[in-house]
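Here are my notes for your reading of this model. Please keep the structure open beside them and check each point as you go.

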Amino acid sequence: MDIEASPGSLPYVPGTGRPVPEAEPGLVESWRSARGELVELLSQVHERLGGIAAFRLGPAPTVLVTDPQAVQHVLARHPERYVKRSHRARVLIGDGVLAATGAAWKRQRRLLQSQFTGTGMRRYERRITEAARTTAGRWREYARTGQSIDVGQEMRRFALDAIWRSLTGHPLDDGTERELAAVAAVATALPTLPADVTDAQDAVAADLARIDAVARRAIDAARSGAAGPDGPGLLHVLIDAATERPEYTDRLIRDELVTLLVAGHETTATTLTWLYLLLDQYPAARGHALAAGCEGSPQRRQAIQALVHETLRLYPSAWILPRHAAGDDNLAGYAVEAGTDILVCPYLTHRDPELWPDPEHFDPRRFIAPDGRPAHPGAYFPFGIGPRACLGLQFALRESTVLLEHLLPVHTLAFHSTPAKAVYGITVRPDGPTRATLDPPLA
């Protein structure tokens, strides 16, 4: 077969294909000397070389993947060839499903999968709604008194309440909220922690101890049979599994609990914070969403979901997805050698002008209008795609939509100032506080 003829549909032929275009060493050295964000280097590599490009941070090349067909090849079609070796958050989440690999990952994923689709999601619908109503009540009081709020903190509080209710059956109390602030503290520190696991754990030992104490109390309460007012939660599913599966030790249950806490609130809170910052720049988008239909109508819900999707396009929950080539492969016509590190980057794919016209512009209509977005599944994947796509996709979209259905018709925000840039860590988050005042409730 002529490998140049159809690079997107090649059979697997080890060692064949063109060399991946590689960025000149001076580009990397210039980036190092400027001590820039990794995203700046990746953006330059992508701009100069396209959707499959190599650069060297060490002796071996790293391949950046942003082309939709190549994205699907790596993440969805051949995940066994491009494996996940470790997770940056392992110091926090231990052996939870996000960090697990191989047979252990398959077992853990299978247990949790049913909780986040179809019938499973319906179990948590009321809990998400109650968390949204609690937030709406706070916001009414803020608006009445003119109290200033930090929007990011408010979104974390809502999302943490929603996932805590879903895990334990209990609403989030003030004491637990204060202790679980340690989760965000460790997540924020992760990019700067030492590479050695023991040293990293020592650096955040106090916060990890606070998290472990909350997890231990929750596990003990669930094991005692004391369901919350909303009934048993996801934690009870893990405890029940331990009666038949010896691998579900207290440590693994703790790791899964913390994994679900991290994945279930940090990404949602960040997305909602970005959404309100974007609405501050593009206020007409709020009006368009509310005008799409009356309260509770499918049309309004679709329009609100479009706000969320467009925010996720610009600021995907997982902005970069590292993989490791387990063997030689032919990736869209390029030869990839075993041992190569792969960086799949939703952030850059979502901002590619070849795929998304005027990509820096916030335009939720992309997700409503026919042909408004690229059809290829590898062009939009804020939660990943393939077998390791985020388990909580439907949960995150549901809680974001429900909260916005409660808040958008009633309140607008007046930001005191807005962050000048983003920080690229585990998530893409605003660099700085997001203080605002709520305008008086709308009629």
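1. Two strands pair if DSSP finds at least two bridges between them. In this predicted model, one such bridge links Asn330 to Ala335, which lies in β8. The strands β7 and β8 (residues 334–336) are antiparallel partners, with three bridges between them.

2. Where does this pair sit? It belongs to an open sheet of three strands, ordered β1-β8-β7, in which the pairing is mixed. The edge positions are taken by β1 (18–19) and β7 (329–331); each has a single partner strand, so one side of each lacks a neighbour in the sheet. As background, strands of a sheet pair through backbone hydrogen bonds, either parallel or antiparallel.

3. The loop between β7 and β8 contains Ala332. Its phi is near 50 degrees, which is a positive value in a residue other than glycine. Most residues other than glycine have a negative phi, and that is the reason to look at this one. Is Ala332 buried or exposed? With a relative accessibility of 16%, Ala332 counts as buried; the cut-off for buried is under 20%.

4. Asp358 also deserves a look. Phi of Asp358 is near 50 degrees, again positive in a residue other than glycine. Its place is the loop between α15 (346–349) and α16 (393–407). Asp358 has a relative accessible area of 52% and is exposed, the cut-off for exposed being over 50%.

5. A second open sheet has five strands in the order β2-β3-β9-β6-β4, and its pairing is mixed. Here β2 and β4 (82–83) are the edge strands; each has a single partner, so each has one side without a neighbour in the sheet. Two helices pack on this sheet. Helix α2 (residues 38–49) touches β2, β3 and β9 (341–344), and its direction makes about 130 degrees with that of β2. Helix α3 (residues 68–77) touches β2, β3, β4, β6 (321–325) and β9, and its direction makes about 120 degrees with that of β9.

6. Look next at β2 and β3 within that sheet. Strand β3 (residues 61–65) runs antiparallel to β2, and five bridges join the two. The connection between β2 and β3 is a hairpin through four residues. Two facing pairs can be found by eye: Ala53 is opposite Leu64 in β3, and Phe55 is opposite Thr62 in β3. Although β2 is an edge strand, four of the five residues of β2 (residues 52–56) are buried, so β2 is largely enclosed by the rest of the structure.

7. How many residues does helix α12 have? Helix α12 (residues 250–281) has 32 residues. From its first C-alpha to its last it reaches 47 Å, close to the 46 Å expected at 1.5 Å a residue. Helix α12 is mostly covered, with 27 of its 32 residues buried.

8. Thr271 lies in α12. Thr271 is buried, with a relative accessible area of 6%. Leaving aside residues up to four places away in sequence, Thr271 touches Val308, Thr311, Leu312 and Ser317. Val214 is 57 residues from Thr271 in sequence, and their C-alpha atoms are 26 Å apart.

9. Helix α10 (residues 205–223) crosses α12: the two axes come within 10 Å, at an angle of roughly 110 degrees. That makes α10 roughly perpendicular to α12, because angles of 65 to 115 degrees count as such. On the α10 side, the contact uses Leu208, Ile211, Asp212, Ala215, Ala218, Ile219 and Arg223. They meet Asp250, Arg251, Ile253, Arg254, Leu257 and Val258 in α12. Sorted by class, the contact has eight nonpolar residues, five charged and no polar ones. It may help to recall that an α-helix has 3.6 residues a turn, so residues three or four places apart point the same way.

10. Finally, His288 is in helix α13 (residues 284–291). With a relative accessible area of 51%, His288 is exposed. Which distance separates His288 and Arg365 in space? From C-alpha to C-alpha they are 9.3 Å apart, while in sequence they are 77 residues apart.

Notes. Residues are numbered from 1 along each chain as its sequence is written. This is a predicted model: local features need pLDDT of at least 70, side-chain atom pairs count only at pLDDT 80 or more; totals for chains, interfaces and linings use all residues. Side-chain values use heavy atoms; hydrogens and water are left out. The expected span of a helix is 1.5 Å times one less than its number of residues. Buried means under 20% relative accessible area, exposed over 50%, partly exposed in between (1.4 Å probe, protein chains only). Axes are lines fitted to C-alpha atoms, for helices over the stretch in contact, and angles run from 0 to 180 degrees between N-to-C directions. Angles under 35 degrees count as roughly parallel, over 145 as roughly antiparallel, 65 to 115 as roughly perpendicular and the rest as oblique. Contact means heavy atoms within 4.5 Å. Ala, Val, Leu, Ile, Met, Phe, Trp, Tyr, Cys and Pro count as nonpolar, Asp, Glu, Lys and Arg as charged, and the others, Gly among them, as polar.
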